[in-house]
Amino acid sequence: MPQKPGNIIFRRVFGPVRSRRLGISLGVDLIPPKTCNQNCVYCEAGKTGDLTNERGEFFPPSEILDELFAFLSSGPKLDFITFSGAGEPTLYSKIGEVISGIKENFPEYKICLLTNGILIGHGSMPDELRLLDLIIPSLDASDEDTFQKINRPAKGLNFEYLKNSLTMFRKRNQVEMWLELFIVPGANDSDSSLKNFAEIISVIKPDKIQLNGLDRPAFESWVKKADAETVLKFKGELEKICPVEIIPKLTAEFCSSESGGADIKEKILRLVSRRPCTAEEISLIFGIDAMRADAMILELLRAKKVSFEKMDRGVFVVPNRK
Ligand code: SF4
């Protein structure tokens, strides 16, 4: 049964945040940071500490649902509840139970899964994910060498397994699919790579392709942002197969209403614990003015909960890990 909001401490639920592609999105983190079956060169959550393909019940589903119900019982305006966070959500073996729990109690909310896609088509996963409203898996490679170079999977996983997973999921589950392709200059942006992508995507047949590129610090410093010419080349070619969207940079147009709320400091902390952000991004993501964002960051800094990290593309707020 849904819980009444009380003094619950939110550990698995974070936000809501303004997402570049999902609107107002409430994040749900199903796994301990950072547990993943890949160690991608562009990962904004840093190096994978636990590189594993073993699924597990890292937290009781009731703990996650209690947090969600406490949050949702006040009827917040959300575009999506999104499974994301610092790692791969499908490694959580009770993900189906959490999805069912949300849909049974709060059917008015849409649920999205951000995933690397490697497990979604195998075993019982298509069935576990049947109640989703949207799935956004990744495809960053079109051959084994590139897969190993960019995604660096756990032992035993290979490109064929990923490709089959995406194809089988599409056959066994009708949920809307947007396929994300992260362009990594020098690794997956050649003409032959694009030709291979087109062939593979023609088989998967996603509803849409989302082209992504570096927007915040990557784990590996050699990963750079793709130039506009390359992005447009990909768009032009892949549009022959299905609609293609270039994921926009977060700008003030996303910042049309207040979503910060009273506990904004805690929300900022939960967000940067999962991905570093600049002060400007924090202001835009939570819909608060720049001065208020700066003041909140300063308070977190004084409390020694965060620090600044200077990188090529700006100064990022990062958590102080104990
Ligand atoms: S980008 Fe996603 S799949 Fe890749 S290492 Fe990070 S959390 Fe894992």
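This report walks through the overall build, the two domains, the core, the ligand shell and a few backbone oddities of one chain.

What you are looking at is a predicted model: local features need pLDDT of at least 70, side-chain atom pairs count only at pLDDT 80 or more, and totals for chains, interfaces and linings use all residues. Residues are numbered from 1 along each chain as its sequence is written.

**Overall build**

The chain holds ten helices and twelve strands; helices (H or I, at least four residues) and strands (E, at least two) are DSSP runs, numbered from the N terminus. Its C-alpha trace spans about 50 × 45 × 35 Å along the principal axes. A compact globule of 322 residues would have a radius of gyration near 20 Å, and the chain agrees with that at 19 Å. That radius is taken over C-alpha atoms, and the globule rule is 2.2 Å times the number of residues to the power 0.38.

Of the 322 residues, 43% are buried. Buried means that 20 or more other C-beta atoms lie within 10 Å of a residue's own; 12 or fewer makes it exposed, anything in between partly exposed, and C-beta atoms are placed from the backbone. Contacts (C-beta atoms, placed from the backbone, within 7 Å) reach far along the sequence: among those with a separation of 6 or more, 75% join residues 24 or more positions apart.

**Two domains and a core**

The domain assignment gives domain 1 (13-249) and domain 2 (256-322), with bounds that come from an automatic or database assignment. Their centres, taken over C-alpha atoms, are 24 Å apart. Where they meet, 13 residues of domain 1 are in contact with twelve of domain 2. On the domain 1 side, strand S1 (residues 13-19) supplies the largest share, five residues.

So where does the largest nonpolar core lie with respect to the domains? Both domains give residues to this core, so it lies between them. The core has 81 residues, and Val28, Leu30 and Ile297 are among those with the most contacts inside it. Such a core is a set of buried Ala, Val, Leu, Ile, Met, Phe, Trp, Tyr and Cys residues joined through C-beta atoms within 7 Å. Ile297 touches Ile268, Ala279, Ile282, Val306 and Val317, leaving aside residues up to four places away in sequence.

Ile268 also turns up among the buried residues of helix H8 (residues 264-274), along with Leu271 and Val272. The buried residues of H8 pack against S1, helices H9 (279-286) and H10 (290-302), and strands S11 (306-311) and S12 (314-319).

**Around the ligand**

The ligand is surrounded by ten named neighbours, including Cys36, Cys40, Cys43, Glu88 and Asn116; a residue counts as near if its C-beta atom, placed from the backbone, lies within 6 Å.

**Backbone oddities**

Here are the unusual backbone angles.

| Site | Angle | Place |
|---|---|---|
| Gly15 and Pro16, cis peptide bond | omega about 5° | Pro16 in strand S1 |
| Pro33 and Lys34, cis peptide bond | omega about -25° | Lys34 in the loop between S2 (23-28) and S3 (35-36) |
| Lys205, positive phi | phi near 55° | loop between H6 (191-204) and S9 (208-212) |
| Lys304, positive phi | phi about 60° | loop between H10 and S11 |

Lys205 counts as partly exposed because it has 14 C-beta neighbours inside 10 Å. Lys304 has 8 such neighbours, so it counts as exposed.

Note on methods
Contact = placed C-beta atoms within 7 Å.
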